[in-house]
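Subject: The structure I promised you

Hi,

Here is the structure we talked about, sequence included. Have a look at it in your viewer first, then read on and follow along.

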Amino acid sequence: MSAAVVTPTEVKVKEKFPPTLEKNNGIINSEDRSASDSKKKKKNKKKTDGGQGSVNVPDGENDIDQILKEINSVSVSKKSSSAKSKQNAANKSKDSAPANPVTATAVVAEGPPKKKKANKNEKLVQTDPPSVPIVDLFPAGNFPVGETCEYVDYNTDDRTASNRMTNPEKKALEISYDDMYRDIRIGAEVHRTTRQYFQKWVKAGTSCMDICDTIENMNRKLIKENGLSAGLAFPTGCSLNHCAAHYTPNAGDKTVVEYSDVCKIDFGVHVNGRVIDCAFTLTFDNKYDKLVEAVRAATNTGIKEAGIDARLNEIGAAIQETMESYELELDGKLYPIKPIRNLNGHSIAPYQIHAGKTVPIVKGGERVLMEENEVYAIETFGSTGKGIVKDDMECSHYMKNFDVGHVPLRLAKSKQLLSVINKNFGTLAFCRRWVDRVGETKYLLALKDLCDKGLVEAYPPLCDTKGCYTAQFEHTIVLRPTCKEVVTRGSDY
Ligand SMILES: [Co+2]
């Protein structure tokens, strides 16, 4: 919505959780399934391919790079059969087994699941299912570094290496950001660990509620949830099929992910407000593989093109070109794969999922530059439908407007709900389930009031045309002074 980026086709860009002053109410009644305006946001997640067996997680970037190379194109789709066994594993690390969709992808960061007692002198090992906080797993603070890439020099025609990697000034500058990188890497490791487990665990027929509870409960443990200092950064998205983003179940929602569904798993965590936003597409039926592949490749193109001094409009054009080089044959019919042109990546700031810059996924964007030490969520969406999303279905996602000032409230219930939001979520996105779990009841009218007053924004589900399929991949990257770090990269995607 706000991002105000108007695409050539005059479609309003809906960023996920874009900063906006526009008001919106998706809350009015719990049954409102009609489209209303809102924004959207995203999250990230991923899965491991094939394997239940977790790939050993190296601490160093070199090791990660190597693993990444080996598992480069593992499909994220999971197969239903593998899902049954939570962990067998190690036998599935093939890149593609069309006849046998791989369920989970191996994640970079987990060691073999084992239970161990915490002896004083013994190093803690992650349990299965994972439950040991990542900060406790790496007591020395050497959290796994993401994939690192050298920048190119945009001021030269041939775009040679920028030499930032060896520049002593840049190296020194980087040291001053160590605390920030540490917080981001903790969140990234939580994301990899949870998604890897999830990919092994999930199977066709699982309810969206069960999926969200499983992911969120694990994230709360692994991030060592602590008020607003560490915790969940936004609700777990599990948007299905033509719905691209911002769907998570409200209480009583019995929706199930079926074998034939295309589900976008988008979740995020934060440490000290340093948000990790990362997502992947979950499928059971390999007939969607080309769609999934197109979007994963498009997101990787966006990541590759990103860098200090890179132009956002050029990144969008490159993403579109990659996405449109794929097509999907479904039940005898051929579909072009279109980027969803009113969705986009975004810059991230502390406690602010959308910090103001948008990364388009089509050509025609503004010629704005990426800058040193910015954090971005690079995300792309592909669709077999129109390639445009609109608000639809009942709203679950909300977020306080980041820069709204003091607004006088008359209703006692609204004041009270606002204090609950301030205390539990601050300016981070939340959902109705999370308001329920802190003990609130009958708050929908108050929530609508806060939306009407512009204090809170509603972010209803964002959907393309009914009957189509949409997919998403997303990573969080940091434009460090010396190199670009894809912090959420894993062996799965
Ligand atoms: Co995002």
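Below is what turned up, going from the whole chain to single residues.

One thing before you start: this is a predicted model, so keep that in mind as you click around.

**The whole protein**

The protein has 11 helices and 18 strands. It runs to 493 residues, of which 61% count as buried. Now take the contacts between residues at least 6 apart in sequence: 78% of them join residues at least 24 apart.

**The cobalt site**

Which residues hold the cobalt ion? The protein donors are D277 and H346, together with E379 and E474. H346 uses its NE2 atom, while the other three use side-chain oxygens (OD for D277, OE for E379 and E474). The donors lie 2.0 to 2.4 Å from the ion. If you want to find them in the sequence, look for the spacing D-x68-H-x32-E-x94-E.

D277 sits in strand β5 (residues 274-283) and E474 in strand β17 (residues 470-479), so this pair ties together parts of the chain that are 197 residues apart in sequence. Are these two buried or exposed? D277 has a relative accessible area of 0%, so it is buried. E474 is buried too, again at 0%.

What about the geometry of the site? The angles between the four donor atoms run from 82 to 175°, which is why the arrangement counts as irregular. To be called tetrahedral, four donors would need all their angles between 85 and 135 degrees.

**Two helices that cross**

Next, find helix α5 (residues 178-201) and helix α6 (residues 208-222). Their axes come within 10 Å and cross at roughly 145°, and the crossing is right-handed.

Which residues meet there? From α5 you have V190, T193, T194, Y197, F198 and W201. On the α6 side they meet D210, I211, T214, I215, M218, N219 and L222. Sorted by type, the residues of this contact come out as eight nonpolar, four polar and one charged.

**Some loop residues to click on**

- R311 is in the loop between α7 (289-305) and α8 (312-324). Its relative accessible area is 19%, so it counts as buried, the cut-off being under 20%. Setting aside neighbours within four places in sequence, R311 touches R159, R367, V368 and L369.
- P129 belongs to the loop between α2 (80-84) and α3 (134-137). The peptide bond leading into it from D128 is cis, with omega near 0°.
- N373 lies in the loop between β10 (358-359) and β11 (375-383). Its phi is positive, near 70°, and the residue is not a glycine. With 14% relative accessibility, N373 counts as buried.
- K442 is in the loop between α10 (432-437) and α11 (444-452). K442 also has a positive phi, about 45°, without being a glycine. Is K442 buried or exposed? Its relative accessible area is 80%, so K442 is exposed.

If you have time for just one stop, try the cobalt ion: show D277, H346, E379 and E474 as sticks and see how they sit around it. After that, go over to α5 and α6 and colour the residues that meet there.

Shout if anything looks odd in your viewer.

Cheers

Key
Residues are numbered from 1 along each chain as its sequence is written. Side-chain values use heavy atoms; hydrogens and water are left out. Axes are lines fitted to C-alpha atoms, for helices over the stretch in contact, and angles run from 0 to 180 degrees between N-to-C directions. Helices (H or I, at least four residues) and strands (E, at least two) are DSSP runs, numbered from the N terminus. A crossing is left-handed if the near helix is turned anticlockwise from the far one by less than a right angle, and right-handed if clockwise. Contact means heavy atoms within 4.5 Å. Ala, Val, Leu, Ile, Met, Phe, Trp, Tyr, Cys and Pro count as nonpolar, Asp, Glu, Lys and Arg as charged, and the others, Gly among them, as polar. Donors are N, O and S atoms within 2.8 Å of the metal (3.2 Å for Na, K and Ca); water is not among the atoms, so sites may look incomplete. Four donors count as tetrahedral if all angles lie between 85 and 135 degrees; four count as square planar and six as octahedral if opposite donors are over 155 degrees apart and all others between 65 and 115; anything else is irregular. Buried means under 20% relative accessible area, exposed over 50%, partly exposed in between (1.4 Å probe, protein chains only).
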